[in-house]
Amino acid sequence: MAELEEQFAALTGAPHAVAVSSATAGLHIVLAALGVGEGDEVVTPSMTFASTVNQIVLRGARPVFADSDYGTLQVLPAEVERRITRRTRAVIPVHFAGAPADLDPIRAAADRAGIPVIEDAAHAVGTSYRGKPAGGHGNTAIYSFHPIKNITTGEGGMVTCHDGEFAKKLRLLRFHGIERDAWKRYGKGGTPHYDIREPGYKYNLTDLQAAIGVVQMGKVKRMNERRAALAARYREGLQGIAGLDLPESPPWPHEHSWHLFIVKVTSMDRDAFIGRLAEYNIGVGLHFPPCHLLSYVRERFGTKEGDLPGCERAGRRILSLPLFPGMADGDVDYVCAAFREI
Ligand SMILES: *Cc1c(COP(=O)(O)O)cnc(C)c1O
């Protein structure tokens, strides 16, 4: 586990990396370490995976949703700033689909409010923003090694951060809150003694998973290059199809990890289109149904259709195409031909 943490710190440029059992677990301990709780608010896009919103809510806090750009699906910095109040304890932008969110203005808004930025980098192993990797800009960042992500350990995740004291807190919360430091002076090397000052969780990555991760780290560049080649092939193959919006790249300098290739169906009902694709044996994903329209979020927080126009317009039309490093060029061509026919 220590070896994977070192590799990750080197990849991202963050001085501290803490391996956890999932990105969701990572977010849980980050919010806990920040003391986010009852009466607090956390600003995040609605166009994100529900695990973020769940973790905010499970801490007793209120998720406050910022709208996203229809074309890039990235959260809008002005929207983030507009939603910050004196109750806001953190903002959580997402590096959507593997392209980076516009971190500088988001960070500037958070700095003005004196609150931290937590980067959801679940799609962003290999992503960079203005020449520096996700996680390397001074913020806390959370990565996922879930089976569908750019690298995997079966299940797993990583938190990177720039503050040694914060990393120490995360390490305690990751493993029961167990502290051995105070006992070290009594023995040479290991000691069976420990104390717990704050109860913690059981969110460590295992060494077995980390061993897979170490090998995956050696392949990440090659796998991301393959993803980029497949994405370029999709772009070429789908060019000029009426009624289909291709993913827009953010205008700021970046490297894209091409975690997802998301198109928007504008000429017919998206779900009917998914049905037609099934006839060609093509499975697709939905990243993501807007979180402010999930049943429990509507019921508890009174969010509704019409709150976030960019995100909702995209949410009705989005569709994630098959994309993984082992995919053959011919598979991409097959998908493109099916799109043309439909
Ligand atoms: C996958 C994902 C997560 C959660 O990752 P886990 O490791 O499965 O907990 C969080 N945020 C986003 C944007 C994701 O895609």
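**Figure 1. The largest pocket of this predicted model holds about 330 Å³ of space.** Let's start with this open space, which is lined by 23 residues. Closest to its centre are Thr 24, Phe 49, Ser 51, Ser 144 and Lys 149. If you want to trace the lining along the chain, look for α2 (23–33), α3 (50–58) and β8 (140–144), the elements that each give two or more residues to it. The largest share, 3 residues, comes from α2. What kinds of residues make up the lining of the largest pocket? They divide into 10 nonpolar, 10 polar and 3 charged.

**Figure 2. The ligand sits in the largest pocket.** Here we bring the ligand into view. Around the ligand you can find 14 residues. The closest are Thr 24, Asp 120, His 123, Ser 144 and Lys 149. Sorting this shell by residue type gives 5 nonpolar, 7 polar and 2 charged.

**Figure 3. Ala 23, Thr 24 and His 123 each place a polar atom beside an oxygen atom of the ligand.** Now zoom in on single atoms. Which part of Ala 23 takes part, backbone or side chain? For Ala 23 it is a backbone N or O atom, 2.9 Å from an oxygen atom of the ligand. Thr 24 uses its side chain instead: an N or O atom there is 2.5 Å from a ligand oxygen atom. His 123 also contributes through its side chain, with a polar atom 2.7 Å from an oxygen atom of the ligand. How much of the ligand does the protein cover? On its own, the ligand has 380 Å² of accessible area, and the protein covers 92% of that.

**Figure 4. A search of the whole structure finds 1 cavity of 30 Å³ or more.** This view leaves the ligand and turns to enclosed space. Rolling a probe the size of a water molecule over the atoms is a handy way to see where empty space is left. The largest cavity contains about 110 Å³ of space. Which residues lie nearest the centre of the largest cavity? They are Thr 72, Ala 97, Pro 247, Glu 248 and His 256, part of a lining of 15 residues. By type, the lining of the largest cavity divides into 9 nonpolar, 5 polar and 1 charged.

Key. Residues numbered from 1 in each chain as written. Predicted model: local features only at pLDDT ≥ 70, side-chain atom pairs only at ≥ 80, totals over all residues. Heavy atoms only, no water. Near = heavy atom within 4 Å. Polar contact = N/O pair within 3.5 Å; in protein donor to acceptor, adjacent residues only side chain to side chain. Areas by Shrake-Rupley, 256 points an atom, 1.4 Å probe, with all protein chains shown as cover. 1 Å grid on protein atoms, 1.4 Å probe; cavity = no way out; pocket = protein on both sides within 12 Å on 5 of 7 lines; lining within 4 Å. Sits in = over half its atoms within 2 Å of the grid points. Nonpolar A, V, L, I, M, F, W, Y, C, P; charged D, E, K, R; others polar. Points joined across faces, edges and corners; volume = space filled by probe spheres on them. Helix = DSSP H or I, 4+ residues; strand = E, 2+ residues; numbered from the N terminus.
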